[in-house]
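Q: I am new to this structure and would like a close look at a single part of it, namely the aromatic pairs. Please set them in the context of the chain as a whole and take me through them step by step.

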Amino acid sequence: MKFKKFGKALLMIAASAGVVFSVTSCVQSYSVGFLYVTGTATATTSGDGIISGFKIDHNTGNLSPIPGLPVASGGQNPGRAVLLGGGRFLYVLNRGDCTVNPCATPNITQFSIGGNGVLASQETFFSQGNNPFRIIADAPGNYIYVLDHDSPSSAACALALGSGVNACGDITAFKVDQSTGRLSLVVNAQVTSATGQALPYFPVPANPIDMVLAAGYILTLSGTPGTGDSVFPYFLSSGQLSVSQNSSQPLNVRQANAIALGGTYVYILANDPLTVTPTDGTSPVTYPSQIDAYTVGTGGALQAQVGGVYAGDAADTNPMFVLLESKGNWLYVANQGNNTSTTNTQSGISGYVIDKSQHTLSKIPTSPWGSGPSPQCMIEDPSFQYVYTANFADSTVTGRRIDQNLGYLNNLLGSANRSFSLTGPPAYCLVTGRTS
């Protein structure tokens, strides 16, 4: 009898151990995705920039370096990048040597992403304009678009944008081969050169600042000194860009530095001062920046939202990146501040609650939250738990955990300083949920 009781006790202990083991297994750490950061630190004697990479821990959000990285970016001065093919391919826009004008030897370098996040350089492609600085892709990943600050032909500017236009930027379009990731040039079927040749690019107004793909249009934000900023729309169809309006749409801002899509709205970030008079009769408050919200109407025209001009955070300056949280509850703005100071108190992340019925923004009471000094980019991880910024002034990546109820950005679990070191100053960051 005693033996039977002892045996039962062993069985109970074993069962308990099994329960404990199964619970422990459920909370074991694993990588939820990879975070890649382009950087300007040189990797070789050729002067190439680098790409750093980290594994994202699902339970804590902490980062660990991917073995074998950093790698050379394939060119000098890497900036923006895109991920396509379900996380199989990474394309880095290397701006080239910009100590001369136009920048020398810019390119787009394709990488394949292997097991454990390792990158292998594949092929190199070339934008058709001068001084490329932005790269985006359509949602299905069929086309890539590169924004060149300067068109190589002033004559093409007038042909595409109207007589009297003697300077412009341009967009170079590429079709993506879905099996190999190879890029092929999309020529302009709308405009031919003076000699009757199809243009290999699509002219946009001079002094482009940024671009975004929204509601079937590419919207290019441009700055016009002395007269204010404007947006020019191109309609997209099978990779072809067609002019849907004869001219740009003027905006009520003069120092815009970013245009971004958030849900069904387009947001313009600007360094224009905004003065707000409180309803309680207290003195007006001047904020150093503003966020303007628009919807996209007929022909790609932006329609200002009623009451859709929002004050930037008075504690931070130089807003440069906007991120809509995956569930559409909160909007975050990364403020760069002064990108030369490692103790910059004007860098940080401002947070806003999105009223889904009224489509308005209201500041989250606890924001702004600290980032590293001078964030260059901001990204949400594939599990929608964390937000990261890559910071120029101290060469770090800073992570924060999203409070799923209130939208607060809290410290990462188990991380005292929230920051992870990079090899040199960063330029841009992006994530993929593909981990094998």
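A: What follows begins with the chain as a whole, turns to the aromatic pairs, and ends with one hairpin.

The model is predicted. In the protein chain there are 2 helices and 34 strands, and 50% of its 436 residues count as buried. If one takes the contacts between residues at least 6 apart in sequence, 52% of them join residues at least 24 apart. The surface that the protein chain exposes comes to about 18900 Å², with carbon and sulfur atoms supplying 55% of it.

Now to the aromatic rings. A pair of such rings is described by the distance of the centres and the angle of the planes. Searching the whole structure gives 8 aromatic pairs. One of them is formed by F202 and Y234, whose rings lie 6.2 Å apart from centre to centre, with 75° between the planes, an arrangement that is edge-to-face. This pair links distant parts of the chain, since F202 belongs to strand β13 (residues 202-205) and Y234 to strand β16 (residues 228-237), 32 residues apart. F202 counts as buried because its relative accessible area, 0%, is under 20%. Y234 is buried as well, because its relative accessibility of 2% falls under that same cut-off.

Another aromatic pair is made by F321 and Y428, and this one is tilted, with 6.4 Å from centre to centre and 50° between the planes. Here too the pair links distant parts of the chain: F321 is in strand β25 (residues 319-324), whereas Y428 is in strand β34 (residues 426-432), 107 residues apart. As for their surroundings, both F321 and Y428 are buried.

Returning to F202 and Y234, one finds that these two residues, together with F232, form one aromatic cluster. The edge-to-face pair described above is therefore to be viewed with F232 also in the picture, because the cluster holds F202, F232 and Y234.

Elsewhere in the chain, a hairpin offers a part to look at beside the aromatic pairs. Its strands, β7 (residues 107-113) and β8 (residues 119-125), run antiparallel and are joined by 5 bridges. Across this pairing, T109 stands opposite T124, which is in β8. Between the two strands of the hairpin there are 5 residues, and N116 takes a positive phi near 65°.

Terms used:
Residues numbered from 1 in each chain as written. Predicted model: local features only at pLDDT ≥ 70, side-chain atom pairs only at ≥ 80, totals over all residues. Heavy atoms only, no water. Helix = DSSP H or I, 4+ residues; strand = E, 2+ residues; numbered from the N terminus. Buried < 20%, exposed > 50% of the residue type's maximum accessible area, 1.4 Å probe, protein only. Contact = heavy atoms within 4.5 Å. Areas by Shrake-Rupley, 256 points an atom, 1.4 Å probe, with all protein chains shown as cover. Pairing = 2+ DSSP bridges. Phe/Tyr/Trp six-rings, centres within 6.5 Å; stacked < 30°, edge-to-face > 60°.
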